[in-house]
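Biologist: I am new to this structure and would like to understand the terms used for it. Could you show it to me, and then explain each term as we come to it?

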Amino acid sequence: MTTATIHQYVPKSTQKNYEMPIRHMDFQFDARELDDTFFRNTELASAYFEALSIFLTFGEDLVIDTARYHRQFVKDPELKRLVTALIGQEAIHSKMHNEFNDVLAKHRFPVGLYRFLADKVFEHGFKKLSNRMQLSLMAGIEHFTAVLAEYMMKHEDIFYESMDEKQRALWMWHMLEESEHKDVAYDVFQELSGDYALRMRGFVLAAFTIVFLIPVAASAIPVIRKPRNLISLRYWKDVRRSLALLAGPKEGVYGSTIKHILDYARRDFHPSDHDTSAYLEYYKEKLLHPETGLLTPYMTKEFVPGKRA
Ligand SMILES: [Fe+2]
Ligand SMILES: [Fe+2]
């Protein structure tokens with residue numbers, strides 16, 4: 001890893017005076033409550049988020065390892081502290097999604113096979129990359145989760161189309177925290193490297209994984225679950241609707257956010273250019289209120305690492 005700093009980078013994540021607590025959760029997922037059509041009552045688009053849930057655990061483990069390795073080179077003590085918070089948040093995301101994925105296995109989702117495939121992609125692909133490329137990939141993955149989080153926070157109704165309260169809580173908690181720490185990985189990359197071409201390579205690799213590899217993997221799920229879907233007109237209508245909800249320009253998760261996604265290619269891009277502070281305030285109140293918060297029944301502990309008195 002080249003750590004020669006050719007510029008004095010001022011990390012914006014440290015300027016915000018915003019705390020990123022590590023929240024410990026305990027959802028106790030139950031197979032009987034799990035809704036396979038959680039995302040807007042679709043089979044295919046919901047399968048995308050289920051497949052994403054599996055790949056995310058590997059992506060988060062990579063983010064954790066990469067952040068841990070590079071933390072030692074970070075000079076700014078405040079940024080270093082935020083890296084610790086990022087690692088803590090991602091560790092609990094990975095743990096909770098793994099618990100969710102275990103339950104998914106009881107819903108005819110071949111979790112073991114998908115974990116095996118994801119493991120091969122990461123072991124023989126991403127983990128073989130150089131440290132500097134992994135750092136770029138980490139920033140790229142975090143850009144996509146930030147885009148996803150902003151989309152989800154702007155479309156709150158989506159979470160309430162299903163009765164599956166625990167899946168709702170899992171995704172809303174995860175999206176809140178992705179938005180909270182969205183600029184940390186980017187700032188670490190900029191402080192330690194700042195190499196634009198390298199940043200673009202990590203972006204392309206993250207895009208390939210999130211908008212191509214995972215959708216392809218997910219496309220098999222509804223057919224594995226119900227082979228007769230292949231000859232069902234109702235299912236092909238679901239495919240059409242799912243594709244529009246994921247990639248359509250009007251309301252699609254990635255289609256309608258394409259400007260935000262591609263904004264990453266701007267040389268002076270920073271994640272905080274997309275201000276989500278009002279959403280963060282709204283969701284913190286909505287999710288974490290001691291009496292009425294959606295997450296309150298599931299949160300067991302909350303702390304801010306290294307907070308100065
Ligand atoms: Fe995460
Ligand atoms: Fe993240």
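Biologist: Which residues of α6 are buried, and what makes a residue count as buried?

Modeller: This is a predicted model, in which local features need pLDDT of at least 70 and side-chain atom pairs count only at pLDDT 80 or more, while totals for chains, interfaces and linings use all residues. Residues are numbered from 1 along each chain as its sequence is written, chains are lettered from A and ligands numbered from 1 in the order in which they are written, and side-chain values use heavy atoms, with hydrogens and water left out. Buried means under 20% relative accessible area, with over 50% called exposed and anything in between partly exposed (1.4 Å probe, protein chains only). The buried residues of α6 are Val 184, Ala 185, Tyr 186, Asp 187, Val 188, Phe 189, Gln 190, Glu 191 and Leu 192, and the helix is therefore described as mostly covered, with 9 of its 9 residues buried.

Biologist: What do the buried residues of α6 pack against?

Modeller: They pack against α1 (44–71), α2 (77–104), α4 and α7, where contact means heavy atoms within 4.5 Å.

Biologist: Why is His 93 called buried, and what about Glu 178?

Modeller: His 93 has 0% relative accessibility, so it counts as buried; Glu 178 is buried as well, with a relative accessible area of 1%.

Biologist: Which residues coordinate the iron ion (ligand 1)?

Modeller: Its donors, which are N, O and S atoms within 2.8 Å of the metal (3.2 Å for Na, K and Ca), come from Glu 60, Glu 90, His 93, His 174 and Glu 178, at 2.0 to 2.3 Å. Water is not among the atoms, so sites may look incomplete. The iron ion (ligand 2) is 3.9 Å from the iron ion (ligand 1), and Glu 90 coordinates both.

Biologist: Why is the arrangement around the iron ion (ligand 2) called irregular?

Modeller: Six donors count as octahedral if opposite donors are over 155 degrees apart and all others between 65 and 115, four count as square planar by the same angles, four count as tetrahedral if all angles lie between 85 and 135 degrees, and anything else is irregular. The 6 donor atoms here subtend angles of 51 to 157°, so the arrangement is irregular.

Biologist: How do you know that Arg 199 has no salt bridge?

Modeller: A salt bridge is a side-chain nitrogen of Lys or Arg within 4 Å of a carboxyl oxygen of Asp or Glu. For the buried Arg 199, the nearest side chain of opposite charge, Asp 268, is 7.2 Å away, so no salt bridge is counted. The side chain of Arg 199 does reach the backbone oxygen of Tyr 264 at 2.5 Å.

Technical notes:
Lys, Arg positive; Asp, Glu negative; His and termini not counted. Polar contact = N/O pair within 3.5 Å; in protein donor to acceptor, adjacent residues only side chain to side chain. Helix = DSSP H or I, 4+ residues; strand = E, 2+ residues; numbered from the N terminus.
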